[in-house]
Amino acid sequence: MGSLTGKRLVLGVTGGVAAYKAAVLARLLIKAGAQVRVVMTSGAQRFVTPVTFQALTGQPVHHDLWDERFDDSMGHIELSRQADFVLIAPASADCIARLAAGRADDLLSALCLARDCPLFVAPAMNRQMWEHPATQRNVVRLIADGVQVLGPDAGEQACGEVGQGRMLEPEAIVAALERIADAALAAAASTGRLRGLSVLLTAGPTYEPIDTVRGITNRSSGKMGYALAAAAQEAGAKVTLVSGPVTLATPAGVERIDVLTAQEMCDAVMQRAHAADIFIGVAAVADYRVATPAQHKLKKEGGPPQLTFVENPDILATVAALPQAPFCVGFAAESENLREYAQAKRRRKKVPLLAANLAQETFGRDDNALTLFDDAGEHSIARAPKPVVARALLDHVATLIGR
Ligand code: C5P
C-alpha cells in the first residue's frame, strides 16, 4: 500500500514535446494507486490527444473553462476541490509564467488559482528558455508561493541541444511525489489532533446471502467511511477499517479488513474494539439476515422462496455497551424527520455523537452535508466534498475528547 494510494490527483498537461511522457506518467500514477483526472491546455492537445489520457485514466479529460459537463460552469472550482494535489507535467515556460502571474484564463490556470491543495510542477523546455532570467524569475516566484518544482533534468533535448530543461522521467516524478506524500503522512502522525490514538471504523454495505449466488444488501458506496478513514490517518491516528464490499482503494497507511456479512463485520470489530480509542460506525449494516441460506442455487421452478429472517447484531450498540467503550460515533441516513429519528437513534444506541444526513442527498455522491447531535445539542457541517466533511467531523470528535 503506497502513500499515493487513494490520492486524487489532477494531472495538468501543457504544450511541449514531453507531453507524450505524461501518458506514461498517468499510467504510473494509476499503478501507484492514485485517481487521476487529466486537464490539458490547448497547446498540449497539439502534441497528444485527450483520447489517449481518457483511455489511460478511464475518466473524461478536461480542457475547457466553459465545459457544459459541469453543472454550473464551475469546473475549475469543482476539479480543484476534489483534488488532493495538482501536478503539472510537463510545465512549459508559458505555463510557469502564467502561474507566476496568477492568470486564470484557461481551465488549468484557473483551477490552480482556485485550489486549496498542494501544486507540483515538472518544468520541460529548451535549455535557453529555462535559463532565461524571465523563467528563472517566475520559478523563484512560484517557489515563494509554495509551489513545489520537480526538476528539470539536464541532458539531451528534443531540439538536439544539450543542457538543463528536460522533464524529469515519469518514474522520478512518481518517486518524488511518493517521498513527499510519505513525509506528509509522517508529519501528520506527529502533529495531527488524533496522533497516538487508535481509530476503528466500519464502512460500506454488508451482504447477506440467500443462496450461493443471491443475497440482500444495502445501498452504500463506502465513500464517507473511506474519507473518514483517510482523514483520521491524516490526523495522526492508527486506523483500522472494517469494510463491506466496495470498489474503493484503501487509503494510504490504513489497515483494511474485508468482510461480507454483518456477523463477519461484528466479529472483526469486536476483536479490535477493546484496543480502539474511537469507533465510528459508518457501514450500512443489514438489519436482518436469512436464517438458513441455501447451500446451492435456488431454482425458479421451486416457486418464490419462503425466506425466514433473523436479526443481525447491532455492532455500534454492542461496542457502545462495552465496559470500557471507545468514544463511539454513529451515522444515521434517514429519508425524513432527520432530527427526530437521529436523536432517538443516539439515545437508543447510547452513543455520545451521531452524524445524520438525508439518504437521498448522500447516496453515491461525492459530497455530503451532516447534522451532528451530541450532549451539547446540534451542529451543522455544510455541504462539501466528503473528504472535507470528514475532516470537519473528526475536528468535532477531537474537540469532544479534549484534543
Ligand atoms: O441502520 P441504522 O440506521 O440503525 O444505523 C445507525 C448506525 O448504527 C450506523 O452508524 C450503523 O453503522 C450502525 N449499525 C451497526 N450495526 C447494525 C445496524 C447499524 O453498527 N446492525
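Tutor: Let's start with one term: contact means that heavy atoms lie within 4.5 Å. Keep in mind that this is a predicted model.

Student: Okay, which residues does Leu-201 contact, leaving aside its neighbours within four places in sequence?
Tutor: They are Gly-225, Leu-228, Ala-229, Val-239, Thr-240, Leu-241, Val-242, Ile-280 and Val-282. Each of them counts because it has heavy atoms within 4.5 Å of Leu-201.

Student: What makes Leu-201 stand out in the largest nonpolar core?
Tutor: That core has 36 residues, and Leu-201 is one of the five that touch the most other members. The others are Leu-194, Leu-228, Ile-280 and Phe-331. Helix α10, residues 223–234, gives the most to this core, with seven residues. Apart from it lies another core, of 34 residues, including Leu-4 and Ala-19.

Student: Why would a core like that be nonpolar?
Tutor: In soluble globular proteins, nonpolar side chains tend to be buried together.

Student: How do you know that strands β8 and β11 pair?
Tutor: Two strands pair if there are at least two bridges between them, and β8 (residues 198–203) and β11 (residues 238–243) have six, so they qualify. The two run parallel. Our friend Leu-201 has Leu-241 in β11 as its bridge partner.

Student: Which sheet do they belong to?
Tutor: β8 and β11 sit in an open sheet of eight strands, ordered β12-β11-β8-β13-β16-β17-β18-β19, with mixed pairing.

Student: Why are β12 and β19 called edge strands?
Tutor: β12 (255–258) and β19 (377–385) each have a single partner strand, so one side of each is left without a neighbour in the sheet. The twist in this sheet averages 20° from one strand to the next.

Student: Which strands does α10 touch?
Tutor: Helix α10 packs on the sheet and touches β8, β11, β12, β13, β16 and β18. Its direction makes about 165° with that of β11.

Student: What about the sheet of five strands: what is its order?
Tutor: That open sheet runs β2-β1-β3-β4-β5, with parallel pairing. Its edges are β2 (35–40) and β5 (148–149), each with a single partner strand, so one side of each has no neighbour in the sheet.

Student: How do you know that β1 and β3 pair?
Tutor: They share four bridges, and the rule asks for at least two, so β1 (residues 8–13) and β3 (residues 85–91) pass. Leu-9, for instance, has Phe-85 in β3 as its bridge partner.

Student: What do β6 and β7 form?
Tutor: A hairpin, with five residues between the two strands. Strands β6 (residues 153–156) and β7 (residues 162–166) pair in the antiparallel sense over four bridges. In the turn, Gly-160 has a positive phi of about 100°.

Student: Is Thr-135 buried or exposed?
Tutor: Buried means under 20% relative accessible area, and Thr-135 has 8%, so Thr-135 is buried. You'll find Thr-135 in helix α8, residues 133–144.

Student: Last one: what makes the approach of Lys-349 to the ligand a polar contact?
Tutor: A polar side-chain atom of Lys-349 lies 2.8 Å from an oxygen atom of the ligand, and the cut-off for a pair of N or O atoms is 3.5 Å, so the pair counts. On the backbone side, a polar atom of Gly-281 is 2.4 Å from an oxygen atom of the ligand, and one of Ile-315 is 3.0 Å from a ligand nitrogen atom.

Notes:
Residues numbered from 1 in each chain as written. Predicted model: local features only at pLDDT ≥ 70, side-chain atom pairs only at ≥ 80, totals over all residues. Heavy atoms only, no water. Core = buried A, V, L, I, M, F, W, Y, C linked by side-chain atoms within 4.5 Å. Buried < 20%, exposed > 50% of the residue type's maximum accessible area, 1.4 Å probe, protein only. Polar contact = N/O pair within 3.5 Å; in protein donor to acceptor, adjacent residues only side chain to side chain. Axes fitted to C-alpha atoms, helices over the stretch in contact; angles between N-to-C directions.
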